[in-house]
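Please look over the chain below before reading on, and keep it in view while you follow the explanation. The paragraphs move from the chain as a whole to pairs of helices, and then to single residues.

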Amino acid sequence: MEAVSLDMTVCDHKLREIISNISHLTLRNVDSCTTLIVTIALEQSRLMCNIWWQQFKSNYMSLQSLTKDLTGFFNQKQYQKCLDIIPKVKLELLKQGLLGNIDENKINVKDLEVTRSILEIGSLSVINLSKDGEFKNYIDQLRPFYQLKDLSPSDNQNKLMALYLLLLLSQGDLATFHIELETFQSDGLTIDELEKDKFLYFPIKVEKWLIDGDYNKLFEILNQDPEKYPCQEFNLFKSSLVDAVRFEIYKNLVKAYQKLPLDNFKNLLFLRTNDDYDSFIALFQDELNLSIKNGFVHLNDVSQLDFTEEPTDDALLIRNVLSYAREMETII
């Protein structure tokens, strides 16, 4: 709380009267003078406390009102209005020492839990508006609160961390994904235990199937009824995850084959319709280096590969699948 400076303009009538009486005293009235000085000091302290309390009450009422409005907008799914009001809420939190360098020993636990809830509302608002960069910032702001042992567990913690993991997968950032999982494990949780969580199991399974090349399971879970997702926000990552998986398959195709029939190419990338195919080509036009001739897709990137490296398991799997398909066509 800011320091309060007092001058004669904030002194009430009683204090003015006490101060004016000092001018009528002489050195022979030492006791009376001392009594008046003590009285002045007490009155000044009373006034300072009163002003401090008024300012504190004003800030508290302001924060309470803003928090009520923020919660109302969030419950109505008016996420942009949430973002419009949050800067004002954060300013009030800063004034009360609830953001920044937090000393949990000097702050009421309930106040910290309210601050955590406000940041969670902010994080869910920005992710619903597809503001990925801001979402990452909110996750960083929430980390200290999730590490405070005296706070009651948050129902949103695993949900938000699962969304963060999905964001990392959609961006192809597997390194950071694994670092985040190690953070959970450093808290004494195993992967098996994490998979039992209704939110965390989803990104963990997606990453596992992606690494294993189990693309059928990936597309099955990504294309399931949105109502079956643990929360509505998971559906926000469906499109980007599908695109990321398709591009991962493409990279392995490049390592596995120089050319293949266009229909096989579409099937392996789960491009079910012409629109799917056109969208994929348009989205990754800068990364793709292929051409289509006589019904075959020529994967020109193969000429740039270092064939001294051992092919990946995914590349071998795709090569074997294609070889098997050709053999079956020959037999038929």
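Two residues are said to be in contact when heavy atoms of the one lie within 4.5 Å of heavy atoms of the other. With that in mind, consider the contacts in the protein chain with a separation of 6 or more, of which 64% are accounted for by residues 24 or more positions apart. The model you are looking at is a predicted one, and its protein chain has 14 helices and three strands. Of the 332 residues in the protein chain, buried residues make up 36%.

A good place to begin is the pair formed by helix α3, residues 79-95, and helix α4, residues 109-128. The axes of these two helices come within 10 Å of each other and cross at roughly 150°. Because angles over 145 degrees count as roughly antiparallel, α3 is described as roughly antiparallel to α4. The crossing of α3 and α4 is left-handed. On the α3 side the residues that meet the partner helix are Tyr79, Cys82, Leu83, Ile86, Val89, Lys90 and Leu93, and on the α4 side they are Thr115, Ile118, Leu119, Ile121, Gly122, Ser125, Val126 and Asn128. If you sort the residues of this contact by character, you find 10 nonpolar, four polar and one charged.

A second pair is formed by helix α5, residues 132-146, and helix α6, residues 157-170, which pack at an angle of about 140° with their axes 11 Å apart. That angle makes α5 oblique to α6. The crossing of α5 and α6 is left-handed. The contact is made by Asp132, Phe135, Lys136, Ile139, Leu142, Arg143 and Tyr146 from α5, together with Gln157, Leu160, Met161, Leu163, Tyr164 and Leu167 from α6. Here the residues of the contact divide into nine nonpolar, one polar and three charged.

Arg143, which belongs to the contact of α5 with α6, also leads us to the salt bridges. A salt bridge is counted where a side-chain nitrogen of Lys or Arg lies within 4 Å of a carboxyl oxygen of Asp or Glu, and by this rule the count comes to 10 salt bridges. In one of them the side chains of Arg143 and Asp140 meet, at 3.3 Å from N to O. Both residues lie in helix α5, where they are three residues apart, or about one turn of the helix. Arg143 is partly exposed, with a relative accessible area of 24%, and Asp140 is also partly exposed, with a value of 45%. This pair belongs to a network of salt bridges that links Asp140, Arg143 and Glu180.

Where else can two side chains be found that meet in a salt bridge, at 3.5 Å from N to O? The side chains of Glu92 and Lys95 meet in this way, and, being three residues apart in helix α3, they are separated by about one helical turn. Glu92 is buried, with a relative accessible area of 8%, whereas Lys95, at 40% relative accessibility, counts as partly exposed. In helix α11, residues 238-256, Glu248 and Lys251 are likewise three residues apart and so separated by about one helical turn. Their closest N and O atoms are 3.3 Å apart, and the two form a salt bridge. Glu248 counts as partly exposed at 26% relative accessibility, and Lys251 counts as partly exposed at 36%.

Let us turn now to single residues. Tyr201 has its place in helix α9, residues 201-212, and at 25% relative accessibility it counts as partly exposed. Leaving aside residues up to four places away in sequence, Tyr201 touches Leu194, Glu195 and Pro230. Tyr201 and Ile191 are 10 residues apart in sequence, and their C-alpha atoms are 9.1 Å apart in space.

The backbone offers two further places to look. Most residues other than glycine have a negative phi. Lys77, however, has a positive phi of about 60° although it is not a glycine, and its place is in the loop between α2 (30-75) and α3. Asn294, again not a glycine, has a positive phi of about 55°. Asn294 is found in the loop between β2 (290-293) and β3 (296-299), and it is exposed, with a relative accessible area of 76%.

Terms used: Residues numbered from 1 in each chain as written. Predicted model: local features only at pLDDT ≥ 70, side-chain atom pairs only at ≥ 80, totals over all residues. Heavy atoms only, no water. Axes fitted to C-alpha atoms, helices over the stretch in contact; angles between N-to-C directions. Helix = DSSP H or I, 4+ residues; strand = E, 2+ residues; numbered from the N terminus. Parallel < 35°, antiparallel > 145°, perpendicular 65-115°, else oblique. Left-handed = near helix turned anticlockwise from the far one by under 90°. Nonpolar A, V, L, I, M, F, W, Y, C, P; charged D, E, K, R; others polar. Buried < 20%, exposed > 50% of the residue type's maximum accessible area, 1.4 Å probe, protein only.
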